[in-house]
Amino acid sequence: MRILIKNIRGLAGIYENPPALLRGAEMDRLPILENAFLAIENGRIALYGSMDDWGGITDWRNLEVIDADGRFVLPAFCDSHTHLVFAASRESEFEDRIKGLTYEEIAARGGGILNSAGRLRDMSEDELFDKAMVRLHQAVESGTGAMEIKSGYGLTTESEMKMLRVVKRLKEESKVAIKATFLGAHAIPAEFKSKRRAYIDLILEEMIPAVAEAGLADYIDAFCEVGYFSTDETMEIVERGAEYGLKSRIHVNQFNATGAIPKLVAAGAVSVDHLEVLGDGDAEALGGSNTIATALPLCSLFLGLPYTPLRELLSQNAAVALATDYNPGSAPSGNMAMAVALGCIKMKMTPAEAINAATLNGAAAIELADTHGTITPGKVANIIITEPCESLAFLPYSFGRPSIERVILG
Ligand code: NIG
Ligand code: FE
């Protein structure tokens, strides 16, 4: 299969030798070639160049030609934080929050993550898969070409493994590049309420070995937050994960400054996610490291939380990514274009910074930057074609409305 996209108004994210990630001031640079063509062969990017110079293309047989007249082409989004596999939506909690309850209050009443865990345990693997696949297709329509998906609504060894097997099937049966994360430490399940240490031990002694030995996860995660898992418990989980070859990516500082960020950076976490609240020294620790700071603006919007102080992180030279956090409780949306828009509107990112955070740095946050996240010969041809527009800033500017016309994966 060969595709030639011609008359591209602006081809964004082009690199012959792409960087592994972008940090600080670098994030405002998004290389764009105007009046360009892009050739795709066997699912990979073959060649790009200026429309004034067709030199590279000599064989025109079996070539599908797309005229992008007036449109921009950019790398597909890499959504590095989702909980895509879940049993049911939770709009009754949404109504409770409208009436004044907080996310924490709803969780304390047995709603929240435990509500989702109860529903998931009762659902068959096939049904979970079918529901997740529908959501995956919706995410692709809004521009996503790579995705991280977590467990964490099982909270028993068997149900966590069930979720991760669903993720494996999604990976096998779609064109989206998928990474799997084990999140047994998402909440203390009801049956362990009066013996939380026993649940931590179950994670350490049974779940991590089982998940790792079955090859079902690439990463380990924990919800490091007051009322969920303490910094010490999180670090124990991180260390045990590392013993089993699982690098860490951690939910941290969603509601409180836990003090965990410098420790997670020192432990080599690939990414720390949420960061709605930063404590002293957190931005500095991230600025001097390769740990990616991942902001989840759809969660901030939906729960009415502060937005991650990205300008502060960027001024400390941190590498920043944007992701959706797609989940039924705090962000029921897989729309990366909306995350990009909120990056600009609420976190004062430039459109270039936000697009870089959602493409190259999103790929880096799931260690897929070698194959995804930029327009580079040899990389997987996962691309977005926009509507006709004047500049790429139109994408975040036209927020809440899909200005993406077509998505090509592989
Ligand atoms: O990233 N904060 C922890 N986990 C999810 C929410 C999970 C849920 O409410 O179901 C999050 O926001
Ligand atoms: Fe999350």
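User: Which residues are the protein donors of the iron ion (ligand 2)?

Analyst: A donor is an N, O or S atom within 2.8 Å of the metal. In this predicted model, the iron ion (ligand 2) has as protein donors His 81 (NE2), His 83 (NE2), His 251 (NE2) and Asp 325 (OD), which lie 2.1 to 2.2 Å from the ion.

User: How are the donor residues of the iron ion spaced in sequence?

Analyst: Their spacing reads H-x1-H-x167-H-x73-D. Distant parts of the chain are linked by the pair His 83 and His 251, which are 168 residues apart. His 83 belongs to the loop between strand S6 (77-79) and helix H1 (91-98), and His 251 to strand S10 (residues 247-252).

User: Is His 83 buried or exposed, and what of His 251?

Analyst: A residue counts as buried if its relative accessible area is under 20%. Both His 83 and His 251 are buried.

User: Which side chains have a polar atom close to an oxygen atom of ligand 1?

Analyst: A polar contact is a pair of N or O atoms within 3.5 Å. For Arg 90, a polar side-chain atom is 2.8 Å from an oxygen atom of ligand 1. The side chain of Asp 325, also a donor to the iron ion, has an N or O atom 2.8 Å from a ligand 1 oxygen. For the side chain of His 83, the corresponding distance is 3.4 Å.

User: How much of the accessible area of ligand 1 does the protein cover?

Analyst: On its own, ligand 1 has 330 Å² of accessible area, and the protein covers 100% of it. The largest cavity is the space taken by ligand 1.

User: Which residues are the closest to ligand 1?

Analyst: Of the 15 residues that surround ligand 1, the closest are Tyr 103, Tyr 153, His 186, Gln 254 and Ser 330.

Technical notes. Residues are numbered from 1 along each chain as its sequence is written. Chains are lettered from A and ligands numbered from 1 in the order in which they are written. This is a predicted model: local features need pLDDT of at least 70, side-chain atom pairs count only at pLDDT 80 or more; totals for chains, interfaces and linings use all residues. Side-chain values use heavy atoms; hydrogens and water are left out. Donors are N, O and S atoms within 2.8 Å of the metal (3.2 Å for Na, K and Ca); water is not among the atoms, so sites may look incomplete. Helices (H or I, at least four residues) and strands (E, at least two) are DSSP runs, numbered from the N terminus. Buried means under 20% relative accessible area, exposed over 50%, partly exposed in between (1.4 Å probe, protein chains only). A residue is near a molecule or strand if one of its heavy atoms lies within 4 Å of it. A polar contact is a pair of N or O atoms within 3.5 Å; within protein, one must be able to donate a hydrogen and the other to accept it, and residues adjacent in sequence count only if both atoms are side-chain atoms. Accessible areas come from the Shrake-Rupley method with a 1.4 Å probe; for residues, only the protein chains shown count as cover. On a 1 Å grid over the protein atoms alone, a cavity is a set of points where a 1.4 Å probe fits but cannot get out, and a pocket is an open set with protein on both sides within 12 Å along at least five of seven lines; lining residues have an atom within 4 Å of a point. A molecule sits in a cavity or pocket if more than half of its atoms lie within 2 Å of its grid points.
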